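User: Please go through this model with me, one question at a time. I should like each answer to show its reasoning.

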Amino acid sequence: AGIINFCANNYLGLSSHPEVIRAAVEALEKFGAGLSSVRFICGTQSIHKDLEEKIARFHQREDAILYASCFDANAGIFEALLTPEDAVLSDELNHASIIDGIRLCKANKYRYKHMDMQDLEAKLKEAQKHRLRLVATDGAFSMDGDIAPLREICQLAQKYDALVFIDECHATGFLGPNGRGTDELLGVMDKVTIINSTLGKALGGAAGGYTTGPKPLIDLLRQRSRPYLFSNSLPPAVVGCASKALDLLMESNAIAQSMAAKTQRFRSKMTAAGFTISGKDHPICPVMLGDARLASVMAEDMLNRGIYVIGFSYPVVPKGKARIRVQISAVHSDEDIDRCVEAFTEVGRKHGALS
């Protein structure tokens, strides 16, 4: 029956959608393979400006700026925005790109315990002596499948006069009623100042990232953000497929809405089988195993049964918290999900992960 991929970031299945592929081919034929330039020389064409406008409209923000990846977007924002007079407060389990971006800036750095609002408040009180305060968090955390408590973060930010930044790579396209992300899901779209996200996961799966937010911020990034200034602009085919993916999302929320039931089906069936699944209501479903070798050999056996998954262990995750991270996609059928659960149950019993 072939192999079913349960470890891709292709949340909405759009990387193989015929309209997305057709849009990429059309852009390739019209604009060429690449522009051989950074944006401010001759790397900006109508498709880049159109995509930036579309991203801003999708997130209901004023403006947006494209990058080669969201890693670049995270590397480019903190250094451009924050000075030695400012402070950045970061969740301890933020993505590596956020951590690296913060390291590049000269702001005062505070790290708060994972999703711990008491600790964040204590750090915000301590940071009151600085000119500007920025709270930085993943919207959805990719290793554990948990969702940041954005309502509480935004309340604290308002109380202590701080800005809120979220990385939405594992939320854009499928969280919230219209797939706009964590801020839409939790009803705080008007309270989050800056969003960074990717085009390389739910929005076509090719490459690219972006920042969206207030126009003065985007204007600043166009002048000062080094990854934007010194990286080639996105290839036309990538821009074409991402643009079409956004069109599909803004025309209908049906694809985004289909994710909830599929995610619930997998999580409930795996829990009933006796597995521990980390996170809550997110298509990232980490099957917690603890032992690194167990995660590795189980993943190998899963592949032999036609299910492609990958084991994660230290240093990607903390010691003693090895897991197999399953990722549900809109293109997975109920039969695919049931087949995956059956394979996990067989393999789990074989290796003693289930009694």
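The questions and answers below concern strands, a surface patch and a buried residue.

User: What are the conventions of this model?

Analyst: Residues are numbered from 1 along each chain as its sequence is written, and side-chain values use heavy atoms, leaving out hydrogens and water. The model is predicted: local features need pLDDT of at least 70, side-chain atom pairs count only at pLDDT 80 or more, and totals for chains, interfaces and linings use all residues.

User: In which order do the 3 strands of the open antiparallel sheet lie?

Analyst: Strands (E, at least two residues) and helices (H or I, at least four) are DSSP runs numbered from the N terminus, and two strands pair if DSSP finds at least two bridges between them. The edge strands, each pairing on one side only, are strand 9 (284–290) and strand 11 (311–312). The order is therefore 9-12-11.

User: Which residue of strand 12 stands opposite Phe312?

Analyst: Strand 11 and strand 12 (residues 322–327) are antiparallel and pair over 2 bridges. Opposite Phe312 in strand 12 stands Arg323.

User: What angle does the direction of helix 12 make with that of strand 9?

Analyst: Axes are lines fitted to C-alpha atoms, for helices over the stretch in contact (heavy atoms within 4.5 Å). Angles run from 0 to 180 degrees between N-to-C directions. Helix 12 (residues 254–273) packs on the sheet and touches strand 9 and strand 12; its angle with strand 9 is about 20°.

User: How many residues of strand 5 are buried?

Analyst: Buried means under 20% relative accessible area, exposed over 50%, and partly exposed in between (1.4 Å probe, protein chains only). Arg133, Val135 and Thr137 point one way from strand 5, Leu134, Ala136 and Asp138 the other way, and all are buried. For strand 5 (residues 133–138), the count is 6 of 6.

User: Which residue of strand 6 is the bridge partner of Val135?

Analyst: Strand 5 runs parallel to strand 6 (residues 163–167), and 5 bridges join them. Strand 5 also pairs in the parallel sense with strand 3 (residues 87–91), over 4 bridges. In strand 6, the partner of Val135 is Val164.

User: Is His59 buried or exposed?

Analyst: His59 belongs to helix 3 (residues 46–59). Not counting residues up to four places away in sequence, His59 touches Thr172, Arg180, Met189, Ile195, Tyr210 and Thr212. Because its relative accessible area is 1%, His59 is buried.

User: What is the relative accessible area of Tyr308?

Analyst: Tyr308 lies in strand 10 (residues 307–308). Tyr308 is partly exposed, with a value of 35%.
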